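Me: I am new to this structure and would like a close look at a single part of it, the aromatic pairs. Please set out the whole chain before going into that part.

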Amino acid sequence: MSNLPPKEFMPKHIGIIMDGNGRWARERGLPRTEGHIQGAKVFRQIMDYGHDIGLQAMTFYAFSTENWKRPKEEVKALMEIFHDYLQEADEVKYDREKRGFYLRVIGDISGLPKPHQLLAKSACLAMNNKDAMVVNMALNYGGRQEIIHAVQELAEEVKKGTLSPEDITEDLLSDHMYTKGLPDPDLIIRPSGELRLSNFLTWQSAYSEFWFDDIAWPDFTTDDLDRAIMDYAKRDRRFGGLSEQDH
């Protein structure tokens with residue numbers, strides 16, 4: 001933690017695309033499921049570390065709306081991993097609250113198996129500590145699907161006559177996203193060498209900084225997160241304006 005920048009240069013919200021589990025397993029002659037198991041361990045480590053260094057929020061891309069297209073055995077194994085984690089998260093939710101962070105499961109939860117739906121709801125406590133860290137676990141999540149969901153909610157309000165179309169603003173649309181109440185991600189991290197968003201936080205990432213690396217997610221460490229944060233801290237975020245040297 002001594003390698004991190006001063007608080008004013010730290011990101012508040014980090015999004016992570018947990019990529020490279022299959023490649024990690026293949027390179028070791030292991031089944032792809034072993035890569036996902038190791039990736040789940042790294043998820044816990046990085047989540048805890050994010051809390052330790054004072055992040056306000058972290059969003060982890062765990063399973064996309066497109067991942068159902070993967071081989072049935074792999075999807076089944078992933079669902080078992082998610083079920084075990086959610087069951088564990090449900091059992092320790094009050095301890096987690098005392099430690100100062102909350103779990104949120106974001107995405108189209110209705111598309112998950114029924115036991116996962118019930119655990120996802122049970123494991124997520126109402127947020128009583130506003131200073132606590134929020135960990136978003138994106139399950140059956142797609143950025144475009146999230147935008148459609150938000151627009152449909154607003155359309156229903158217009159249909160009922162409780163909202164005028166001209167009153168729809170960026171802030172109002174943001175309030176209908178799964179990440180309502182959180183700052184947009186300052187930094188999005190993708191390991192494994194791929195250089196794309198893959199439908200992750202499509203609305204929220206309009207001004208995010210990106211950090212890519214060839215390391216596979218199961219090999220990702222807290223030192224790698226430090227490197228990404230230090231790189232972020234050196235960047236000049238202009239949000240469409242001019243940098244200091246441009247004046």
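Reply:

**The chain and its aromatic pairs**

The chain has eight helices and six strands. This is a predicted model. In sequence order, the elements follow the pattern β-α-α-β-α-α-β-α-β-α-α-β-β-α. The radius of gyration is 19 Å, and the globule rule gives 18 Å for 247 residues, so the chain is as compact as a globular protein of that length. The C-alpha trace spans about 55 × 50 × 35 Å along its principal axes.

Some totals describe the chain as a whole. Buried residues make up 47% of the 247. Among contacts with a separation of 6 or more, 74% are between residues 24 or more positions apart. The exposed area is about 13,100 Å², and 50% of that comes from carbon and sulfur atoms. The chain carries 31 positive and 41 negative charges, and the mean positions of these two sets are 5 Å apart.

Now to the part you asked about. The structure holds eleven aromatic pairs. One of them joins Phe 43 and Phe 60, with ring centres 4.8 Å apart and planes at 90 degrees. Planes over 60 degrees apart count as edge-to-face, so this pair, at 90 degrees, is edge-to-face. Phe 43 belongs to helix H2, residues 32–52, while Phe 60 belongs to strand S2, residues 57–64. The pair therefore ties together parts that are 17 residues apart in sequence.

Both rings of this pair belong to buried residues. The cut-off for buried is under 20% relative accessible area. Phe 43 has a relative accessibility of 4% and so counts as buried. Phe 60, at 0%, counts as buried too.

Phe 43 also takes part in an aromatic pair with Tyr 85. Here the distance is 5.2 Å centre to centre and the angle between the planes is 75 degrees, which makes the pair edge-to-face. Tyr 85 lies in helix H3, residues 72–91, and Phe 43 in helix H2, so the pair ties together parts that are 42 residues apart in sequence. Tyr 85 is buried, with a relative accessible area of 5%.

These three residues belong to one aromatic cluster, formed by Phe 43, Phe 60, Tyr 85, Trp 217 and Phe 220.

Helix H3, which holds Tyr 85, also has packing with another helix. The buried residues of H5 pack against H3 and against strand S3, residues 101–106. Helix H5 covers residues 114–122, and His 116, Gln 117, Leu 119 and Ala 120 are buried in it.

Ala 120 can serve as an example from helix H5. Ala 120 has a relative accessible area of 5% and is buried. Apart from its neighbours within four places in sequence, Ala 120 is in contact with Leu 86, Val 105 and Ile 109. The C-alpha atoms of Ala 120 and Asp 90 are separated by 8.1 Å, and these two residues are 30 residues apart along the chain.

To return to the aromatic part, Phe 43 of helix H2 pairs with Phe 60 of strand S2 and with Tyr 85 of helix H3.

Methods
Residues numbered from 1 in each chain as written. Predicted model: local features only at pLDDT ≥ 70, side-chain atom pairs only at ≥ 80, totals over all residues. Heavy atoms only, no water. Helix = DSSP H or I, 4+ residues; strand = E, 2+ residues; numbered from the N terminus. Rg over C-alpha atoms; globule rule 2.2 N^0.38 Å. Buried < 20%, exposed > 50% of the residue type's maximum accessible area, 1.4 Å probe, protein only. Contact = heavy atoms within 4.5 Å. Areas by Shrake-Rupley, 256 points an atom, 1.4 Å probe, with all protein chains shown as cover. Lys, Arg positive; Asp, Glu negative; His and termini not counted. Charge placed at Lys NZ, Arg CZ, Asp CG, Glu CD. Phe/Tyr/Trp six-rings, centres within 6.5 Å; stacked < 30°, edge-to-face > 60°.
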